Amino acid sequence: MVFRRLMNTPAGPLLGNSGLSGRKAARLGAALMLAGVLAACQADEFTAGPNKAQQPVSASIKRKMNDLNMSSTSPIMIRIFKEESALEVWKQTRTGKYQLLDEFEICKWSGKLGPKFKEGDRQAPEGFYEITPALMNPNSSYHLAFNLGYPNSYDRSHGRTGSHLMVHGACSSRGCYAMTDEQVQDIYALARDSFKGGQRSFQVQAFPFRMTPENMARHRDSEHMEFWKMLKTGYDHFEITQTPPQISVCEKKYVFDATTLVEGVPFRASAKCPDYQVSPSIATAVASKQRRDNEKYQQLAARFDARDERQKRWEERSNRLAEALGGGEDDTNPAVATAETAAPDAQPAAETATAAVPAEAAPAAHRRPGSAVETAFAPQDQSGGSSVGSFFKRWVPFGPKASEEGAGVGPIETEVVPDTKPN
């Protein structure tokens, strides 16, 4: 029907009088239809115009700034959380404190939780970075971008290498934090306007996850835990003061809000730390928060360890019973074994409720479809004989539900090859 309409347009008689065969005319009509479809798709995409680097922030961001008593040119700060795929923009209010202006969902980030170590490992960095006007890229082929300045002095003191690590658009990542074009348009404009207001640099704090006791306890066995504890100190400074902490590096570690006792003595990343002090009010408040967090961390870690131990004992007993039922020669009394295995960890209801893991303590890592690192789950080969296990599951329908649902399932990481690195 669409092609018939095309033939009835002024171009239709031209096609009919040109001597073209019906097949050629049909092909031309189909090409015209495809062009129309493509034009319609492109019309729905975000466009910022030729002068994209000078476009103002969106109307919704303007309204939020007005509601939060923020000047359009006041300083900003950015926090990034890998596991939650979240980028927060904080902005200074007229009171001098910072408030959360907006949170953007990161379109893609590559690698896994943990810092970047070397060029080519496709890891998105973690740490504290200062973004100056020289690191802004208005001509990026990935719409708009700013460089994180990796490696910083801390990274260099540890011999870490890498280049062109950015926050940019185009939703494609190879070690970067990639946003949509529409998102990076607002983020770039907020940074640009803060420089216009006199901010000399803005801070980007990149974390593996929100640094809560729950998340720290979930990842307690990670090889990066000591590094993350150091990052958490900077996280806590901001949580307490609502002001970006002053970042220094000495003895190959970050120190926060530190002032040297001898004027003019600098902090050097690989050298011994000079004598310094932190404001007593900040130091006391941070220490108090860390004390509370550590108490909660210890409680949660103990619960998680107990849960893991119960799960381990259940699996061991299940395997022994399966071997007994499948062997046929064993003298073990199946009835006794069944009764013993059915309740591996009988506990009072109140104690069981206490040991349960809070729902918010183990949130699933948020991933957009098509992210550079995706997690899938697939059955894993179990040692000990699949036929015996199947027999056991068919005839002994009891035991912790979590064991039945989660047995033999493990994470498989797949890496999508990203686009070319940004300029």
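Q: Two strands count as paired if DSSP finds at least two bridges between them. In this predicted model, how many bridges join strand β2 to strand β3?

A: The model is predicted, not experimental. Strand β2 covers residues 86-92 and strand β3 covers residues 98-105. They run antiparallel. The number of bridges joining β2 to β3 is seven.

Q: Which residue of β3 stands opposite Gln92?

A: Gln92 belongs to β2, which spans residues 86-92. The partner lies in β3, the strand of residues 98-105. Opposite Gln92 stands Tyr98.

Q: Which residue in the hairpin of β2 and β3 takes a positive phi?

A: Five residues lie between the two strands of this hairpin. One of the hairpin residues has a phi near 100°. That residue is Gly96.

Q: What should helix α8 span, at 1.5 Å a residue?

A: Helix α8 holds 17 residues, 225-241. The expected span is 1.5 Å times one less than the number of residues. The end C-alpha atoms of α8 agree with the expected value, so both come to 24 Å.

Q: How many of the 17 residues of α8 are buried?

A: Buried means under 20% relative accessible area. Among the residues of α8 that meet this are Met225, Trp228, Lys232, Asp236 and Thr241. The helix is mostly covered, and its buried residues number twelve.

Q: Which residue follows α8, and what is its phi near?

A: Helix α8 covers residues 225-241. Next comes Gln242. Its phi is positive, near 55°.

Q: How many aromatic pairs are there?

A: Rings of Phe, Tyr and Trp pair if their centres lie within 6.5 Å. By this rule, the count comes to 15.

Q: Why does the pair of Trp90 and Phe238 tie together parts that are apart in sequence?

A: The rings of Trp90 and Phe238 sit edge-to-face, 4.9 Å centre to centre, with 90° between the planes. Both residues are buried. Trp90 lies in strand β2 and Phe238 in helix α8, so the pair joins parts whose separation in sequence is 148 residues.

Q: Which charged residue sits over the ring of Phe227?

A: Phe227 is one of the residues of an aromatic cluster that also includes Phe81, Tyr154 and Tyr235. It is buried in α8. A charged end lies 5.5 Å from the centre of its ring. That end belongs to Arg160.

Q: How far is Arg210 from the ring centre of Phe81?

A: Phe81 is in one aromatic cluster with residues including Phe128, Phe207 and Phe256. Arg210 lies over the face of Phe81. The distance to the ring centre is 4.3 Å.

Q: How many disulfides are there, and what is the pairing in sequence order?

A: A pair of cysteine sulfur atoms within 2.5 Å is a disulfide. The count comes to two. Numbering the bonded cysteines in sequence order gives the pairing 1-2, 3-4.

Q: Is Cys171 buried or partly exposed?

A: Cys171 forms a disulfide with Cys107, and the sulfur atoms are 1.7 Å apart. The link is left-handed, with -70° about the S-S bond. Cys107 lies at 4% relative accessibility, so it counts as buried. Cys171 stands at 22%, above the 20% limit, so it counts as partly exposed.

Q: Is the link of Cys250 and Cys273 left-handed or right-handed?

A: The sulfur atoms of Cys250 and Cys273 are 1.9 Å apart. Cys250 is in strand β11, while Cys273 is in the loop between β13 and β14, 23 residues apart. Both cysteines are buried. With 90° about the S-S bond, the link is right-handed.

Q: What separates the C-alpha atoms of Thr212 and Asn294?

A: Thr212 is in the loop between β10 and α7. It is partly exposed, with a relative accessible area of 24%. Asn294 is 82 residues from Thr212 along the chain. Their C-alpha atoms are separated by 9.9 Å.

Q: Which residues does Pro56 contact, leaving aside neighbours within four places in sequence?

A: Pro56 is in the loop between α3 and α4. At 48% relative accessibility, it counts as partly exposed. Its C-alpha is 9.7 Å from that of Tyr188, 132 residues apart in sequence. The contacts of Pro56 are Lys62, Ala189 and Arg192.

Terms used:
Residues are numbered from 1 along each chain as its sequence is written. This is a predicted model: local features need pLDDT of at least 70, side-chain atom pairs count only at pLDDT 80 or more; totals for chains, interfaces and linings use all residues. Side-chain values use heavy atoms; hydrogens and water are left out. Helices (H or I, at least four residues) and strands (E, at least two) are DSSP runs, numbered from the N terminus. Buried means under 20% relative accessible area, exposed over 50%, partly exposed in between (1.4 Å probe, protein chains only). Rings of Phe, Tyr and Trp (its six-membered ring) pair if their centres lie within 6.5 Å; planes under 30 degrees apart count as stacked, over 60 as edge-to-face and the rest as tilted. A charge sits over a ring if NZ of Lys or CZ of Arg is within 6 Å of the ring centre and within 35 degrees of the ring normal. Contact means heavy atoms within 4.5 Å.
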